[in-house]
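Student: Please pick one spot in this model and take a close look at it with me. After that, I would like to see how the rest of the chain is put together around it.

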Amino acid sequence: MKPAPHALPATPVAPPSRPGLHERYLAWRHRLIASPRFQRFAAAFPLTRPIARRNARALFDLCAGFVYAQVLAACLRLDLFRLLADGPMTPDDLARRLDLPPDRALCLLRAAASLGLLTALRDGRFALGDLGAALLGNPSVAAMVAHHAMLYDDLRDPVALLRGTHEPTRLSGYWAYAGTDDPTRIDAAAVESYSALMGASQALVARDILDAYSLKPHAHLLDVGGGEGAFAIEAARSNPSLRVTLLDLPPVAARAERRFAAEGLAGRMTARGGSFHDGLLPGADAVSLVRVIHDHDDGPALALLKAARAALPPGGPLLVAEPMAGTPGAEPIGDAYFGFYLLAMGSGRPRTATELTAMLEAAGFVRVRECRTRRPMLVRLLVATAPVEPSATKV
């Protein structure tokens, strides 16, 4: 069954009014920028030339972004960065190792160097660039790049996706829980493909979350939607006295249970299969939702927050960690990437910290605060507190 359309919060619409000074300025500015005559002038005039060139580059990068991404995909599929991990190599040597014709290998090498993935040395050899070296230490990025083949298929006709006239997307089938009314009935085969990817995604941000908020004061963490346990395991390792319970769909929880045992943590970590639609078991003094809320539309997301509130003791914290819309300096990640990714997935939407705070307060939490993470472009963290006194219900 196709998930319900995204439910966006209603925005009050002000009655039409005369355009203000700022609006009139923007209209004048945009007419000027759109003028071919002005564009030629700006590209030649010394004071505006750097701005004109920067804007032209930004516009071209938007047009060429898919090609850049495919250059990265080719490098990863050919394991190019690992080949260069031990030092620079000549194009001919790399062509042989990559099993590519020399001219095609050189095309890839130059393209990768232009993107900062490689460095072209003066003697003609190629070495790792800063970005290529960084990718060696982030295998989860490689997994996401490979996964993007499905996303590209789903975005082939973005207008049809926006209008809801598209065929069933590959992502809605991949994330099996997004397209069913009863996710607990999903079988093991359906979760196998996405569980590993979800684990890699969580591993990328787990340390950032735990560095931003210490779990040392807590005895028992309930990690809801924790997948195969990447965040839960990092939390347990960082806090030797902490007990951890993970809740996810039955086949996912079974995979997490096996991983806990393999990590030697089965004594204080357990995984339970179920759905938050059935409520959350009480007993933990902290609850975490790592990259979970943005996967759900507003109704289910609010229900999950209320379930967490009901499961927590007075004063217990709820950790909501995910990439958020409107993050300063990373707006395209939250609003463009995740906006369209979740649209193709068929469930959820990116939310701003303000929107999430309002949802947490509507669910009954108090003292919502943000704990700063090292890389807010990847994950931000809101910590909300369950009220000490039950809220009185007004009649």
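Tutor: Let's start with Arg-291, which counts as buried because its relative accessible area is 15%, under the 20% cut-off. Please keep in mind throughout that this is a predicted model. Arg-291 sits in the loop that runs between strand S6 (286-290) and helix H14. Its backbone deserves a look too: phi is positive, about 55°, although Arg-291 is not a glycine.

Asp-99 is another residue to set beside it. Here phi is near 60°, again a positive value in a residue other than glycine. Asp-99 also belongs to a loop, the one between H5 and H6. Its surroundings are another matter: Asp-99 counts as exposed because its relative accessible area is 68%, over the 50% cut-off. So one of these two loop residues is buried, Arg-291, and the other is exposed, Asp-99.

Now go back to H14, the helix at the far end of the Arg-291 loop. A salt bridge joins Asp-298 to Arg-349, with the closest N and O atoms 3.2 Å apart. Asp-298 is in helix H14 (residues 298-311) and Arg-349 is in the loop between helix H15 (331-345) and helix H16 (353-362), so this pair ties together parts that are 51 residues apart in sequence. Both partners, Arg-349 and Asp-298, are buried.

Salt bridges also come in a linked set: Arg-207, Asp-211, Glu-234 and Arg-374 are joined into one network through shared partners. Within it, the side chains of Asp-211 and Arg-374 meet at 2.3 Å, N to O. This contact connects distant parts of the chain, since Asp-211 belongs to helix H11 (residues 188-212) while Arg-374 is in the loop between strand S8 (366-371) and S9, 163 residues away. Asp-211 counts as partly exposed at 37% relative accessibility, whereas Arg-374, at 60%, counts as exposed. The protein has 16 salt bridges by the rule used here. One of them pairs Arg-82 with Asp-79 at 3.8 Å, N to O. Arg-82 has 48% relative accessibility and counts as partly exposed, and Asp-79 falls in that class as well, at 38%.

From the Arg-374 loop we can step into strand S9 (residues 380-385), where Thr-385 is found. Thr-385 counts as buried because its relative accessibility is 10%. Leaving aside residues up to four places away in sequence, Thr-385 touches Gly-315, Gly-316, Phe-365, Val-366 and Arg-367.

Next, follow the Asp-99 loop into helix H6 (residues 102-114). This helix has 13 residues and spans 18 Å from its first C-alpha to its last, close to the 18 Å expected at 1.5 Å a residue. Its buried residues include Ala-105, Leu-108, Leu-109 and Ala-112. These lie on the same side of H6, because they cover an arc of only 100° around the axis. Asp-103, Cys-107, Arg-110 and Ser-114 are exposed on the other side. The cover over the buried residues of H6 includes helix H3 (49-77), helix H4 (80-83), helix H5 (91-98), strand S1 (118-120) and strand S2 (126-128). After H6 comes Gly-116, with a positive phi near 85°.

H3, part of that cover, also leads us to the surface. The loop between helix H2 (36-44) and H3 holds Phe-45, which counts as partly exposed because its relative accessibility is 34%. Together with Phe-41 and Leu-47, Phe-45 makes a nonpolar surface patch of about 320 Å².

To finish, here is the whole protein. There are 16 helices and nine strands. Of its 395 residues, 42% count as buried. The exposed area is about 21,700 Å², and carbon and sulfur atoms supply 59% of it. Among contacts with a separation of 6 or more, 68% are between residues 24 or more positions apart. The Asp-298 and Arg-349 pair, 51 residues apart in sequence, is a handy link to find on screen, and so is the Asp-211 and Arg-374 pair, 163 residues apart.

Notes: Residues numbered from 1 in each chain as written. Predicted model: local features only at pLDDT ≥ 70, side-chain atom pairs only at ≥ 80, totals over all residues. Heavy atoms only, no water. Helix = DSSP H or I, 4+ residues; strand = E, 2+ residues; numbered from the N terminus. Buried < 20%, exposed > 50% of the residue type's maximum accessible area, 1.4 Å probe, protein only. Contact = heavy atoms within 4.5 Å. Areas by Shrake-Rupley, 256 points an atom, 1.4 Å probe, with all protein chains shown as cover. Expected span 1.5 Å × (residues − 1). Arc of directions from axis to C-beta. Patch = residues over 30% accessible without salt bridge, like charges linked within 9 Å, V, L, I, M, F, W, Y side chains within 5 Å. Salt bridge = Lys/Arg side-chain N within 4 Å of Asp/Glu carboxyl O.
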